[in-house]
Amino acid sequence: MAGSRAPTRAKGALRPADPGAGPEQCRSYLRQLRLIRRFEEKAGEAYSLGKIGGFCHLYIGQEAVAVGSIAALRADDYITTSYRDHGHALARGLSSRSVMAELYGKATGCSHGKGGSMHLFDASLGFLGGHGIVGGHIPLTAGMAFAAKYRKTDQVAVCYFGEAAVNIGSFHETLNMAALWKLPAVFIVENNGYGMGTALARASSLLDLAHRAYSYEMAEEVVDGQDVFAVRGAMDRAVGRARLESLPTLLEMRTYRYVGHSMSDAAHGTYRTKEEVEEYRQRDPIKVLQAHMKSGGMIDDAGIAALDAEVVAEVEDAITFAEESPDPAPEELWTDVLAGGR
Amino acid sequence: MCSREGGDMAVLTYRDALNAALREEMTRDDRVFLMGEEVAEYDGAYKVSRGLLKEFGPLRVVDTPIAELGFAGIGVGAAMVGLRPIIEFMTWNFALLAIDQVVNSAAKMRYMSGGQVGCPIVFRGPGGSALQLSSQHSQAFESWYAHIPGLKVVAPGTPADAKGLLKSAIRDDDPIVFIEGEMLYNVKGEVPEGEHLVPIGKADVKRAGTDVTLVCHSKTVTVALKAADQLAEEGISAEVVDLRTIRPLDTETVLNSVGRTHRCVVVEEGWAFAGVGAQVVDEIQRRAFDELDAPVLRVTAADVPMPYNKLLERAAKADPAKVVAAVKRVLYLPG
């Protein structure tokens with residue numbers, strides 16, 4: 001992928017990479033993509049109604065990145081993400097109920113109402129946080145990979161962050177040490193083109209972000225993040241490199257978010273045009289996968305409708321669960337500060 | 001080496017007491033590792049980790065690039081999944097580059113995960129001023145970290161406490177900011193051999209007295225003890241309370257002492273504004289107001305960046321003469 005001066009996002013074509021996946025796998029991907037999409041749409045709605053507070057960063061448009069990459073992991077691998085973390089949590093198997101309840105700040109939430117949208121955790125699934133400081137979790141992930149190497153397990157640690165994080169010091173410090181110490185980590189930059197409202201070209205002197213890995217003699221790959229099969233393929237290679245050779249990889253996933261950075265900014269009109277958003281919507285990850293499945297006879301419109309009804313029901317159930325769940329007890333204010341409670 | 005009731009004692013420097021704590025804890029628990037700049041092949045910038053690479057190998061004694069933010073975060077990540085990292089900062093001045101990881105990651109992890117993910121890590125290294133290192137290398141940051149719920153802040157003033165507190169810190173399940181006195185590394189003292197644990201959160205009366213309480217920690221323990229010697233020559237009996245841990249603060253020991261002496265001077269290496277002493281004074285005025293016979297005074301660093309010039313530097317630091325003068329003021333004696 002060397003040489004290009006502009007991000008080479010695949011546009012237009014709906015043809016995915018060689019899938020190498022059977023109907024069951026495809027259906028599982030499609031269900032997850034649609035679940036995340038419906039979950040996020042509903043979360044946005046609940047936010048507008050004042051049911052969800054604070055910041056809320058939606059993943060709409062980027063779903064194939066989390067779904068395709070997390071599918072390549074083992075149950076005992078570690079995952080950290082930035083604050084745009086709902087999709088990854090769902091792809092990792094956190095229940096829609098526990099994630100929605102966390103967005104509602106309820107005691108039944110995956111972080112017991114103390115973390116909120118930006119800090120989803122489920123230690124039992126190796127899902128070790130949504131983190132709120134840009135780039136702050138990149139070294140944490142290397143630390144988890146260090147621990148795997150230290151203990152001589154063959155676990156892999158995976159870190160998701162936006163393209164704006166590649167300009168912060170912790171990214172460079174961590175990639176250097178991860179390569180120097182041969183840590184079993186996969187660093188996934190989800191390049192959706194904008195850090196809040198700042199286009200990549202206004203923030204980075206280098207537009208091919210995967211090339212940042214060259215500074216650290218690290219393996220890299222540019223991936224079509226709208227194609228779940230391309231994501232899975234690249235992730236399989238990176239995870240294999242980590243698990244078998246104890247070597248890190250930087251994956252640049254070219255993707256796009258259709259919604260604003262958070263709930264407070266419009267999807268378009270200030271830093272990007274409506275036409276641009278519409279153009280990217282033409283190559284929606286759900287559309288790409290559905291086109292493939294239809295052409296292969298794996299699903300038809302009725303099947304899609306049935307699957308959609310299934311995930312809509314799941315999200316509705318999550319909303320009801322979150323609505324009806326109790327707030328944390330007042331004394332919870334003082335717990336979990338220190339190991340002994342306080 | 002001499003023998004004492006309750007176990008063998010060795011005379012060790014503060015540096016070697018810390019080294020013994022590291023060695024003993026790394027021997028006891030193979031989850032414990034040491035990471036930082038120059039800790040391995042160079043034996044430590046201040047030689048605290050002398051011999052550890054040879055004994056424990058490069059997996060457990062890890063030299064890092066100069067990248068405080070990165071390796072502090074790597075330590076936090078390793079702690080989140082069950083290792084027991086000791087992250088050495090060559091000095092706490094450089095740790096400012098890593099403060100995001102200490103404050104935003106280590107201190108918050110347990111709370112924001114709803115109690116699922118702890119962070120048993122020790123961040124350690126020298127703090128305070130040394131000799132003529134000027135502004136960027138002469139700062140006491142205890143109060144910065146003590147401000148943060150989720151952290152514990154420890155600052156030993158003697159070799160025995162250095163060993164006992166570091167061993168306790170390594171065994172603690174919470175993130176610990178362990179600030180060593182840069183000027184204390186060569187100070188010698190009796191240190192119990194083997195298992196010697198000093199509890200975190202307990203102050204220690206280093207010298208009993210009746211007329212005034214001197215509250216201190218880290219290097220100012222030495223300053224306060226010297227001041228107490230001078231005061232004794234003038235017939236004034238000073239009690240020296242070494243906080244040892246800044247957070248959680250052992251308010252009871254301070255209040256017990258002030259309840260007997262009714263006068264207090266708080267001594268610290270840091271600046272006065274929002275300093276450790278400000279918190280101590282707040283506790284005393286709220287909880288022992290009626291015990292006080294004079295306002296509590298503070299001896300701190302001058303409210304300026306540390307100068308290089310030797311005379312100016314001396315003028316900027318807390319010293320025994322300043323403590324003696326403050327004590328005379330709380331006793332309403334002529335200076």
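Start with chain B of this predicted model and select helix α8(B), residues 219–233, together with α12(B): their axes come within 8 Å and cross at roughly 55°. The two helices are therefore oblique to each other. Turn the view until one helix lies over the other, and you should find a right-handed crossing.

Now show side chains at that crossing. From α8(B), pick B:V223, B:A224, B:K226, B:A227, B:Q230 and B:L231; they meet B:P320, B:V323, B:V324 and B:V327 of α12(B). Colour this set by residue class and you get 8 nonpolar, 1 polar and 1 charged.

Next, step back along the chain from α12(B) to B:A318. Where does B:A318 sit? You'll find B:A318 in the loop between α11 (310–316) and α12 (320–330) of chain B. Is B:A318 buried or exposed? It has 25 C-beta neighbours inside 10 Å, so B:A318 counts as buried; the cut-off for that is 20 or more.

Keep B:A318 selected and bring up what it touches. Leaving out residues up to four places away in sequence, the list is B:T220, B:V223, B:V267, B:E268, B:E269, B:V299, B:T300 and B:A301. You've already met B:V223, as it is one of the α8(B) residues that meet α12(B). For a distance to draw, try B:A318 to B:R298: 9.7 Å from C-alpha to C-alpha, with their positions 20 residues apart in sequence.

Zoom out to the whole of chain B. In cartoon view there are 12 helices and 15 strands to trace. The radius of gyration is 20 Å, close to the 20 Å that the globule rule gives for 335 residues, so chain B is as compact as a globular protein of that length. Its C-alpha atoms fill a box of roughly 60 × 45 × 40 Å along the principal axes. Colour by burial and 56% of the 335 residues come up as buried. Of the contacts between residues at least 6 apart in sequence, 78% join residues at least 24 apart.

Now bring chain A back and look at where the two chains touch: 35 residues from chain B and 32 residues from chain A take part. On the chain B side, select α3 (68–80), α4 (99–106) and α5 (109–112), each of which supplies at least two residues. Which of the elements gives the largest share of that side? That would be α3(B), with 10 residues. By class, the chain B side divides into 16 nonpolar, 15 polar and 4 charged.

Hide chain B and stay with chain A, which has 10 helices and 8 strands. Its radius of gyration of 19 Å is close to the 20 Å that the globule rule gives for 342 residues, so chain A is as compact as a globular protein of that length. The C-alpha trace spans about 55 × 50 × 40 Å along its principal axes, and 54% of the 342 residues are buried.

Last stop: select α1 (residues 23–48) and α10 (residues 301–324) of chain A. They pack at an angle of about 40°, with axes 9 Å apart, which makes α1(A) oblique to α10(A). This crossing is right-handed. Among the residues making the contact are A:L30, A:R34, A:F39 and A:K42 on α1(A), and A:L307, A:D308, A:E314 and A:I319 on α10(A). Colour the full contact by class to see 9 nonpolar, no polar and 6 charged.

Note on methods. Residues numbered from 1 in each chain as written. Chains lettered and ligands numbered in written order. Predicted model: local features only at pLDDT ≥ 70, side-chain atom pairs only at ≥ 80, totals over all residues. Contact = placed C-beta atoms within 7 Å. Helix = DSSP H or I, 4+ residues; strand = E, 2+ residues; numbered from the N terminus. Nonpolar A, V, L, I, M, F, W, Y, C, P; charged D, E, K, R; others polar. Rg over C-alpha atoms; globule rule 2.2 N^0.38 Å. Buried ≥ 20, exposed ≤ 12 C-beta atoms within 10 Å, placed from the backbone. Axes fitted to C-alpha atoms, helices over the stretch in contact; angles between N-to-C directions. Parallel < 35°, antiparallel > 145°, perpendicular 65-115°, else oblique. Left-handed = near helix turned anticlockwise from the far one by under 90°.
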